[in-house]
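Pull up the model and keep the sequence next to it. We'll go from one residue to the next and then out to the strands, a helix and the ligand.

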Amino acid sequence: MNINFTYIPGDGIGPEVGDAAMTVLEAMTAKFGHSLEAEFHLVGGAAIDAKGEPLPAETFDSCKRTGAILLGAVGGPKWDHLKGADRPELGSLLPLRKNLNLYANIRPCKPFPALIDKAPLKRERLEGTDFVVMRELTGGIYFGDKGRDESGAFDVCRYSESEVRRIAVKAFDLAMTRKKKVTSVDKSNVLETSRLWREVVIEVAKDYPEVEVEHLLVDAMTMHMLTYAQDYDVILTENMFGDILTDEASVLCGSMGVIPSASVSDGKTGMYEPIHGSAPDIAGQGKANPLAMILSAAWMLRLSFGLDKEAAAIECAVEAALEARQTTGDLGGKLNTSDVGDWIARNV
Ligand code: NAI
Ligand code: MG
C-alpha cells in the first residue's frame, strides 16, 4: 500500500520526535513491503516564521487531500506576544480540527507495565487500568463567541443536539468493541449545555442495551479517576472537561511522553499527535521522548489506513524498548531522541 499522509512536525521538540517517528515508519514500510509518501508541511510558529501565517493554505489543502495527518506540536514562547488567531494554537490547531470536522478526540489510558512504578499512584490502584477518553473536540466553550465588553470578558458555551449525539454514538460504538461501559461526564447540576448533554446520552444509550451507562459530574470525576481508575472503559465528555481530564489521566501512565491521541471524524480522516506540547525547555537538546509521536504514527496506520499488523508491530517494539530500558532521560534511560527512534526501528 502507498501510505500517503501529511507530515507536520511543528515547533519545539516536534521536529525531533517527528524525525524519530519517520525513521520507525520507514523501517515498518521496508519490513511490510509498503511505500511511504509523506507530504511535509508547516503550521504554527514554524509557518508564521516562514510564511507569515499559522495555517498556510497549502498545509490545509494537503491535510484535506490526504485525510491522514501526523502532527508534532505547535507553539512556544517565541510567539507568545501574538494575539487571537495570529497565535500558533488558535490560528492553526483549532481551525484544523474545526475545518476537517475532527469532532472526536480519543486518548488512551493504559499504563505500560514497565512504567507502572513511575506514576505517583500506588501499583495496586493502577494495575489493570485500561480506559479511553472520548472528548468532543469542535464545540463547546472553546469555539463559542468570546470577547470583552464594558463589564469584563465572556466565553460562550454552546452545544447542539446533533453535536452531542454524534460524539455519544462514537463513544458507544467504541464501548461495544471494548468492555461495554460508558461513563458520561458533565456538569448537569449547573450548566444547561450539560443538561442537554445528559438527555441526549440517555437517548443514545437506548440503542445500546448491552452497554452499561453511568453519569458523573465532572468535579466528582476528577476524584474518581484517581481512586477507581480500573473501573472505567470509555469516558465520554465535552471539549473543555475532556481537555482537563485527559491531562489528569496522563499522570496515571507515568509520563506525558508516552501518550498518543487521535482526532477523527466520520470516515477515515484523522489527525494523530502526541498529547504533549512543544516542550521549549528541552527543545533542540535531543532529550525529548519520541514514544508518544511514534505511537501516534502507529494509530495513524491503524485508523486511517487499516494497517493493524503494522501498527501492532510498532507498538510491540515500543513496549520492548520500555522493558529493555532503551529510553530517554524522562523515563530514567540514557538514550537521546534519535537513538530511541533507531532502536525501535531495528525492532519493528
Ligand atoms: P509541554 O507538554 O510542552 O511540556 C510540559 C513539560 O513536559 C515540560 O517540562 C516538557 O519538557 C515535558 N515534556 C513534554 N513533552 C515531552 C517529551 N516528549 N519528552 C520529555 N519531556 C517532555 O507543555 P507546556 O510547557 O505547557 O507548553 C509548551 C508549549 O506547547 C506552549 O506553547 C503550549 O501552548 C504548546 N502546547 C501545544 C500543544 C499541541 O500542539 N497540541 C499541546 C500542549 C501545549
Ligand atoms: Mg490540553
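**A walk through the model**

Let's start with Arg123, which is exposed, because just 10 other C-beta atoms sit within 10 Å of its own, and the cut-off for exposed is 12 or fewer. Keep in mind that this is a predicted model. You'll find Arg123 in helix α5, which covers residues 123-126. Setting aside neighbours within four places in sequence, Arg123 is in contact with Ile116 and Asp117. Go back to Pro113, 10 residues away in sequence, and its C-alpha is 9.8 Å from that of Arg123.

Now for a residue in another setting. Is Gly341 buried or exposed? Gly341 is buried, because 27 other C-beta atoms lie within 10 Å and 20 or more is enough to count as buried. Gly341 belongs to helix α12, residues 337-347. Leaving out residues up to four places away in sequence, its contacts are Asp19, Ala20, Ala21, Thr23, Val24 and Pro290. Pro120, on the other hand, is 221 residues from Gly341 along the chain, with 27 Å between the two C-alpha atoms.

Gly329 sits in the loop between α11 (308-323) and α12. It counts as partly exposed because it has 15 C-beta neighbours inside 10 Å, a count between the two cut-offs of 12 and 20. Gly329 and Asn289 are 40 residues apart in sequence, yet their C-alpha atoms are 8.0 Å apart.

Time to zoom out. The protein chain splits into domain 1, made of 1-100 + 289-348, and domain 2, made of 120-252. How far apart are the C-alpha centres of domain 1 and domain 2? The answer is 26 Å.

Next, find strand β4, residues 104-109. Five of its six residues are buried, so the strand is mostly covered. β4 has strand partners, among them β5 (residues 131-136), which runs antiparallel to it and is joined to it by six bridges. To get your bearings there, look for Cys109, whose bridge partner in β5 is Phe131. β4 also pairs with β11 (residues 260-264), again in the antiparallel sense, over three bridges. In that pairing, Asn105 stands opposite Ser263 of β11.

Another antiparallel pair is β6 (residues 146-149) with β7 (residues 152-155), held by four bridges. The connection from β6 to β7 is a hairpin of two residues. Lys146 has Asp155 of β7 as its bridge partner.

From there, move on to helix α6, residues 161-176. Its 16 residues should span 22 Å at 1.5 Å a residue, and the end C-alpha atoms are indeed 22 Å apart, so the two values agree. Its buried residues are Glu163, Val164, Ile167, Ala168, Lys170, Ala171, Phe172 and Ala175. As a general point, an α-helix has 3.6 residues a turn, so residues three or four places apart point the same way. What covers the buried residues of α6? The cover includes β4 and β5, the strands we've just met, along with β8 (181-186), α7 (192-205) and β10 (234-237).

Last stop is ligand 1. It is surrounded by 22 residues, and the closest are Gly75, Gly257, His276, Gly277 and Asn289. Asn289 is the residue whose C-alpha lies 8.0 Å from that of Gly329. Sorted by class, the shell around ligand 1 contains 11 nonpolar, seven polar and four charged residues.

Note on methods: Residues are numbered from 1 along each chain as its sequence is written. Chains are lettered from A and ligands numbered from 1 in the order in which they are written. This is a predicted model: local features need pLDDT of at least 70, side-chain atom pairs count only at pLDDT 80 or more; totals for chains, interfaces and linings use all residues. Two strands pair if DSSP finds at least two bridges between them. The expected span of a helix is 1.5 Å times one less than its number of residues. Two residues are in contact if their C-beta atoms, placed from the backbone, lie within 7 Å. A residue is near a molecule or strand if its C-beta atom, placed from the backbone, lies within 6 Å of it. Ala, Val, Leu, Ile, Met, Phe, Trp, Tyr, Cys and Pro count as nonpolar, Asp, Glu, Lys and Arg as charged, and the others, Gly among them, as polar. Domain bounds come from an automatic or database domain assignment.
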